Amino acid sequence: MPSAHSPGKSVPGTCLYLIGVAALKVGILGGGQLARMLALEGPRLGLDVHVLCAGIHEPAAQVCPHTQIGKIDSAPDLQNFFKSVDVVTAESEFLNAQLIQENIGETEFQPLSQILEILQDRFSQKELLQKFSIPTSPFVKWNAEVRFSDLHAKFTRGFVLKKRR
């Protein structure tokens with residue numbers, strides 16, 4: 001059976017690769033459910049998906065033929081992975097943006113590591129969404145001066161407390 005990654009061949013459910021046109025190698029840091037969905041759908045868009053994750057038991061590793069086993073918080077593992085792809089993204093915002101920035105080299109990272117740092121802090125993330133008029137749930141900055149009972153009165157249907165970075 002032809003591989004989905006063979007130029008000029010197609011496999012049901014994937015796109016037709018053009019002869020002589022290399023697919024963009026997209027790296028994903030993390031191997032959870034989102035990475036699995038990207039690994040399954042990427043080839044339909046002409047992408048060559050690669051995943052860096054902790055083990056073969058992770059959801060993306062079960063479906064992605066280009067899985068590298070390693071740690072997303074290890075500089076050598078990141079450097080090795082970055083060399084194998086054209087662009088990198090993350091399946092989750094819970095990674096060390098500074099470590100990525102220090103080891104990315106010439107490989108493009110999306111979103112930019114500076115944006116990733118904003119997304120890692122839920123309050124900053126909410127402020128950014130609000131700034132660009134992107135719909136989001138109501139939120140307030142909670143600190144020692146705001147009483148828990150005041151939050152309960154404001155959000156009568158319930159609320160979630162998120163820790164800031």
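## Cysteines without a bond

A disulfide here is a pair of cysteine sulfur atoms within 2.5 Å. By that rule, this predicted model has 0 disulfides. Take Cys-53: its sulfur has its closest cysteine sulfur in Cys-64, and at 8.4 Å that is too far for a bond. The story reads the same way from the other end, since Cys-64 is in no disulfide, with the sulfur of Cys-53 as its nearest, 8.4 Å away.

Are these two cysteines buried or exposed? Cys-53 is buried, with 1% relative accessibility. Cys-64 counts as buried too, at a relative accessible area of 7%. With a cut-off of under 20% for buried, both make it into that class.

## The overall fold

Stepping back to the whole protein chain, there are 6 helices and 5 strands. Follow the sequence along and they come in the order β-α-β-β-α-β-α-β-α-α-α, so the run finishes on three α elements.

Of the 165 residues in the protein chain, 35% are buried. Looking at contacts with a separation of 6 or more, 40% of them link residues 24 or more positions apart. As for the surface, the protein chain exposes about 10600 Å², and 57% of that comes from carbon and sulfur atoms.

## Two nonpolar cores

The largest nonpolar core is built from 15 residues, and Leu-29, Leu-78, Phe-82, Ile-100 and Phe-109 are the ones with the most contacts inside it. Helix H2 (75-83), strand E4 (87-90) and helix H3 (97-103) each put at least two residues into this core.

Phe-109 is a good place to zoom in. Which residues does Phe-109 contact, once its neighbours within four places in sequence are left aside? They are Leu-29, Val-88, Thr-89, Ala-90, Ile-100, Ile-104 and Leu-116. Two of those names, Leu-29 and Ile-100, also turn up among the residues with the most contacts inside the core.

Apart from this core there is another, made of 9 residues, including Ile-28, Cys-53, Ala-60 and Ala-61. That brings Cys-53 back into view: this buried cysteine is part of that second core.

## A buried aspartate

Now for Asp-121. Where does Asp-121 sit? Its place is the loop between helix H4 (113-120) and helix H5 (122-131). Despite being in a loop, Asp-121 is buried, with a relative accessible area of 7%.

And its partners? Not counting residues up to four places away in sequence, Asp-121 touches Arg-164 and Arg-165.

Notes: Residues numbered from 1 in each chain as written. Predicted model: local features only at pLDDT ≥ 70, side-chain atom pairs only at ≥ 80, totals over all residues. Heavy atoms only, no water. Helix = DSSP H or I, 4+ residues; strand = E, 2+ residues; numbered from the N terminus. Buried < 20%, exposed > 50% of the residue type's maximum accessible area, 1.4 Å probe, protein only. Contact = heavy atoms within 4.5 Å. Core = buried A, V, L, I, M, F, W, Y, C linked by side-chain atoms within 4.5 Å. Areas by Shrake-Rupley, 256 points an atom, 1.4 Å probe, with all protein chains shown as cover.
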